[in-house]
Amino acid sequence: MSASVGLSKALAAEHAAVYAYGVIGAKTTGALRTRATTGFDAHRARRDQLRALMRRRGETPAEPGTYQLPFEVTTAAQAARLAAYIEERVCAAYVELSADTDPGLRRLAVLATQEAAVRGFGWQPQIPAFPGMPGQELAVSSPAVTEPTPLPPNSGRPVAPPPSQEPSTLPAPEAGATP
């Protein structure tokens, strides 16, 4: 795939995201609307960055088209579902661009993919192992709240780790057991 095609796909995804986030913002309130506004602003900035990049390369960036949402959005829950869907589609567009030979485009694509994946996770705490890759099953993530292990104050001397509760060697296999 050429850089022009990859940039065009990424730009089309950003145009669609800007449109969708307008709908998402209209169907949400409070903290969700704040999150929608942040997503809208991020996609608008990335869209403008892609337009400028394409112009510098001598290309004419496409203008936004008309969009049909993948499903009806009448509630905040549907708006959140749309946001997660849009972020996944944006990831897919940038994954394609990340295959370009230009290191600058690859960097832009990887950063944009990471940002979209994080935004999508904020809307729906499920994420595929490889965001943007087709055919991935979503894994529900339930991040555990963990507390850091407190360390005693020291005088700058190294602190030895606590002794392990695990045996230091593996037990010998039982007679007749097969690996």
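A charge sits over a ring if NZ of Lys or CZ of Arg is within 6 Å of the ring centre and within 35 degrees of the ring normal. The model is predicted, so that local features need pLDDT of at least 70 and side-chain atom pairs count only at pLDDT 80 or more, while totals for chains, interfaces and linings use all residues. Residues are numbered from 1 along each chain as its sequence is written, and side-chain values use heavy atoms, with hydrogens and water left out.

**Exercise 1.** Find the ring over which the charged end of Arg 81 sits.

Solution. The ring is that of Phe 71, and the charged end of Arg 81 is 3.8 Å from its centre.

**Exercise 2.** Describe the aromatic pair of Tyr 21 and Trp 123.

Solution. Begin with the total, which is two aromatic pairs in the structure (rings of Phe, Tyr and Trp, the last by its six-membered ring, with centres within 6.5 Å; planes under 30 degrees apart count as stacked, over 60 as edge-to-face and the rest as tilted). Tyr 21 and Trp 123 form a tilted pair, with 6.4 Å from centre to centre and 55° between the planes. Next, place the partners: Tyr 21 is in helix H1 and Trp 123 in helix H4 (residues 103-123), 102 residues apart, where helices are DSSP runs of H or I with at least four residues, numbered from the N terminus. Finally, Tyr 21 counts as buried (under 20% relative accessible area, 1.4 Å probe, protein chains only) because its relative accessibility is 2%, and Trp 123 counts as buried because its value is 8%.

**Exercise 3.** Identify the side chain with which the side chain of Glu 14 makes a polar contact.

Solution. Glu 14 lies in helix H1 (residues 3-26), and its side chain makes a polar contact with the side chain of Tyr 94 at 2.8 Å; such a contact is a pair of N or O atoms within 3.5 Å, one able to donate a hydrogen and the other to accept it, and residues adjacent in sequence count only if both atoms are side-chain atoms.

How values were computed
Helices (H or I, at least four residues) and strands (E, at least two) are DSSP runs, numbered from the N terminus. Buried means under 20% relative accessible area, exposed over 50%, partly exposed in between (1.4 Å probe, protein chains only).
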